Amino acid sequence: MKAMTRKPEAIARMIREAQTIAVCSHVNPDGDTLGSAAAMRLALLKLGKTVSLFCDGKVPDQLAFLPGIGEMKVPDGEEGPFDLMLAVDVSDEKRLGCCANLLSKCRHTAQIDHHPTNPLFMEENSVDGGEPANCILIREQLAALDIEPDRDIAVCLYTGISTDTGNFAFASTNAACFEIMSELMGKGLPLAELNRILFRERARAQVLLMGRALSSLRYYEDGRIAVMKLTRQDFDECGALSEHADTLVNFGLDTVGTRMALLAREAEGGEVKFSLRAKEPDCVSDVAQEFGGGGHPQASGITMDGELDETVSRVLDALIRKLNG
Ligand code: 5GP
Ligand code: MN
């Protein structure tokens, strides 16, 4: 059952009755949770509230442009008490990380979220698992508080909506995204600049690593399987971190005619980490499970001990069997 309990009026009442408010984002914060928090902070300041932003994790450099996001802190145990905790884009209590320690310091608790699996773990919950981005629910919350988005709020809302929809490309993208976009454009949204930062720019180390990945690319089974490999030496010579390899497997998968893609990297601890991808209706999670990994049908991973070329050839054999099976 999809969680569906949109309650912007109830949350607005709690906000009006509170003076000190702790707004909390989820661990490993992304554009939607940080855009939600930054937009709520700006709105709450307009209402004269005292706002603190908390997150168990560092704000990615790429999202440092969000207005006021520099206020974001990891809780250290010294803060509070607060009249209200407002969690944004947090699918369950575990995703609060160490921010869960703040719950007992907040007189009331509330959340705004868009995950279908949300167990409604706060005192008041405004949740709709059918929306593609939490910032859509934040827009609705601002309306319930009689706050008009200004340019800064527009930047925050756009960041959440565009990143959670893959820049308006995922199947989840709905008409509400474009209705809100029309409004945000009217507020002077710097669209081209934000698109450059969010969807085009990469760290230099990542660009160099991309070159290594592409030159290692080999096709098998008439191009239906694409394989890339990255060695420790590749990472070291590019000055790259493991995270810089995270999306590179898509270059293999996005090839016309390719149905399954694999990227294997030598990890820092000496093990080999595999990213497996498939286009629907093909599936790679069963192959991942065969080697002790797991994940989603079209996006799975494996971490295993062994030598790079030898482990790749074993996983590739399994993919070939799967493809022809
Ligand atoms: P990625 O290739 O982006 O690292 O991982 C894709 C998905 O595969 C992740 O969302 C996660 O669900 C799963 N996954 C990645 N690595 C591992 C792993 O080592 N073990 C398991 N069980 N799942 C993994
Ligand atoms: Mn989200």
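**Exercise 1. The surroundings of ligand 1**

Task: In this predicted model, find which residues are around ligand 1 and which strands supply them.

Solution. Start with the list of neighbours: Lys273, Ser275, Arg277, Gly293, Gly294, Gly295, His296, Ala299, Ser300, Gly301, Ile302 and Thr303. Next, place them on the secondary structure. Strand 10 (272-278), strand 11 (294-296) and strand 12 (299-304) each contribute at least two residues to this shell. Strand 12 gives the most, with 5 residues. Then sort the shell by class: 2 residues are nonpolar, 8 are polar and 2 are charged.

**Exercise 2. Polar contacts of ligand 1**

Task: Which protein atoms lie 2.7 Å, 2.9 Å and 3.1 Å from oxygen atoms of ligand 1?

Solution. Take the distances one at a time. At 2.7 Å there is an N or O atom in the side chain of Ser275. At 2.9 Å you will find a polar side-chain atom of Arg277. At 3.1 Å the partner is a polar backbone atom of Gly301. Finally, look at the cover: on its own, ligand 1 has 500 Å² of accessible area, and the protein covers 62% of that.

**Exercise 3. The manganese site**

Task: Work out which residues coordinate the manganese ion (ligand 2) and where Asp32 and His114 sit in the fold.

Solution. First, collect the donors: Asp32 (OD), Asp89 (OD), Asp89 (OD), His114 (NE2) and Asp164 (OD), at 2.2 to 2.8 Å. Asp89 appears twice in that list. Second, read the spacing along the chain, which is D-x56-D-x24-H-x49-D. Third, locate the pair. Asp32 belongs to helix 2 (residues 31-46), while His114 is in the loop between strand 5 (106-113) and strand 6 (124-128), so the two tie together parts that are 82 residues apart in sequence. Both Asp32 and His114 are buried.

**Exercise 4. Helix 3**

Task: Is helix 3 (residues 134-144) largely enclosed or largely open?

Solution. Count the buried residues: 9 of the 11 fall in this class, so helix 3 is largely enclosed by the rest of the structure. Among them are Cys135, Ile136, Leu137, Ile138 and Leu142, and also Arg139 and Gln141. Now step just past the helix, where Asp146 has a positive phi of about 60°.

**Exercise 5. Two loop residues**

Task: Decide whether Asn28 and Thr165 are buried or exposed.

Solution. Begin with Asn28, in the loop between strand 2 (20-24) and helix 2. Its relative accessibility is 64%, and exposed means over 50%, so Asn28 is exposed. Asn28 also has a positive phi of about 45° although it is not a glycine. Turn to Thr165, in the loop between helix 4 (151-164) and helix 5 (175-186). With 0% relative accessibility, Thr165 counts as buried. A polar atom of the Thr165 side chain lies 2.8 Å from the backbone oxygen of Ile161.

**Exercise 6. Backbone exceptions**

Task: Where are the peptide bonds from Gly80 to Pro81 and from Glu280 to Pro281, and are they cis or trans?

Solution. Recall the background: most residues other than glycine have a negative phi, and most peptide bonds are trans. The bond from Gly80 to Pro81 is cis, with omega near 0°, and Pro81 lies in the loop between strand 3 (50-54) and strand 4 (82-88). The bond from Glu280 to Pro281 is cis too, with omega near 5°; Pro281 is in the loop between strand 10 and helix 10 (285-290). For phi, check Asp222, which is positive at about 60°.

Terms used: Residues numbered from 1 in each chain as written. Chains lettered and ligands numbered in written order. Predicted model: local features only at pLDDT ≥ 70, side-chain atom pairs only at ≥ 80, totals over all residues. Heavy atoms only, no water. Donors = N, O, S within 2.8 Å, 3.2 Å for Na, K, Ca; no water. Helix = DSSP H or I, 4+ residues; strand = E, 2+ residues; numbered from the N terminus. Buried < 20%, exposed > 50% of the residue type's maximum accessible area, 1.4 Å probe, protein only. Near = heavy atom within 4 Å. Polar contact = N/O pair within 3.5 Å; in protein donor to acceptor, adjacent residues only side chain to side chain. Areas by Shrake-Rupley, 256 points an atom, 1.4 Å probe, with all protein chains shown as cover. Nonpolar A, V, L, I, M, F, W, Y, C, P; charged D, E, K, R; others polar.
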